[in-house]
Amino acid sequence: RRRDAEYGLILTRLRQKDYPMFFSESTKFIGKYGGDELAISLGFQMGEILLAQGDYDAALRTYQELLTRHGSNRLAAQALLRIANIHKRRNKLDATLDTYESLIARYPQSPLRADAVFGIAESLASVGRCAEAKERLGKFIRRYPGHNYIPVALFEAGRCAAKLGDGATAV
């Protein structure tokens, strides 16, 4: 099919790291095929490249567009997590917390929910809101005991407990 051939060519551009052509051809593909799963995937990939290049404004716009147009797509929760992480990198605490909370509310069944729960706790700890962070870290540790962020959560909970003067009760 023509669509698959066009998509294959775009992926070749990506593998070759020919980003200008990748963006140009992806934009045309998205315009042509709109809500098609491959078009949505290309839009998300464009955001990933922009994020990796440090173009946070463009990445934010790209992820927001995906959410606006395709909020029920499997990549929407991932886009929301990326938006929260961009806000976090920019030290915008309120926007970070709001975005993580939005992910939890909008996508309660998403496996990324755990990342958002941890993101909230870690963000609170990073600005010295240790009592709130410690409580949330404890809930995270109990609810997601097998998560790969558990070592960091335990460390952060211990740091917060030490700052609060109750080091014996980290979680």
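Me: How many nonpolar, polar and charged residues are in the lining of the second largest pocket?

Reply: Happy to help! This is a predicted model, and in it that lining holds 5 nonpolar residues, 5 charged ones and no polar ones. You can look for them by name: Glu101, Ile104, Arg113, Val117, Ile120, Arg136, Lys139, Phe140, Arg143 and Tyr144.

Me: Which helix gives the most to the lining of the second largest pocket?

Reply: Helix 8 does, with 4 residues. Helix 6 (93-106), helix 7 (113-126) and helix 8 (130-143) each bring at least two residues to this lining.

Me: How is empty space found, and how much lies in the second largest pocket?

Reply: The general idea is to roll a probe the size of a water molecule over the atoms, which shows where empty space is left. Here, the second largest pocket holds about 180 Å³ of space, and for the largest pocket the value is about 250 Å³.

Me: What lines the largest pocket?

Reply: Its lining has 13 residues, and Ile30, Gly43, Met46, Glu65 and Arg69 lie nearest the centre. By class, 6 are nonpolar, 5 polar and 2 charged. Helix 2 (19-33), helix 3 and helix 4 (56-70) each supply at least two of the lining residues.

Me: And which residues have the most contacts inside the largest nonpolar core?

Reply: In this core of 55 residues, they are Phe22, Phe29, Leu42, Tyr63, Leu66, Leu67 and Phe140. Helix 3 (residues 37-52) contributes the largest share of the core, 9 residues. Try Leu66 on your screen: beyond its neighbours within four places in sequence, Leu66 touches Ile40, Phe44, Gly71, Leu75, Ala76 and Ala79. Phe140 is worth finding too, since you have already met Phe140 in the lining of the second largest pocket.

Notes. Residues numbered from 1 in each chain as written. Predicted model: local features only at pLDDT ≥ 70, side-chain atom pairs only at ≥ 80, totals over all residues. Heavy atoms only, no water. Core = buried A, V, L, I, M, F, W, Y, C linked by side-chain atoms within 4.5 Å. Buried < 20%, exposed > 50% of the residue type's maximum accessible area, 1.4 Å probe, protein only. Contact = heavy atoms within 4.5 Å. 1 Å grid on protein atoms, 1.4 Å probe; cavity = no way out; pocket = protein on both sides within 12 Å on 5 of 7 lines; lining within 4 Å. Points joined across faces, edges and corners; volume = space filled by probe spheres on them. Nonpolar A, V, L, I, M, F, W, Y, C, P; charged D, E, K, R; others polar.
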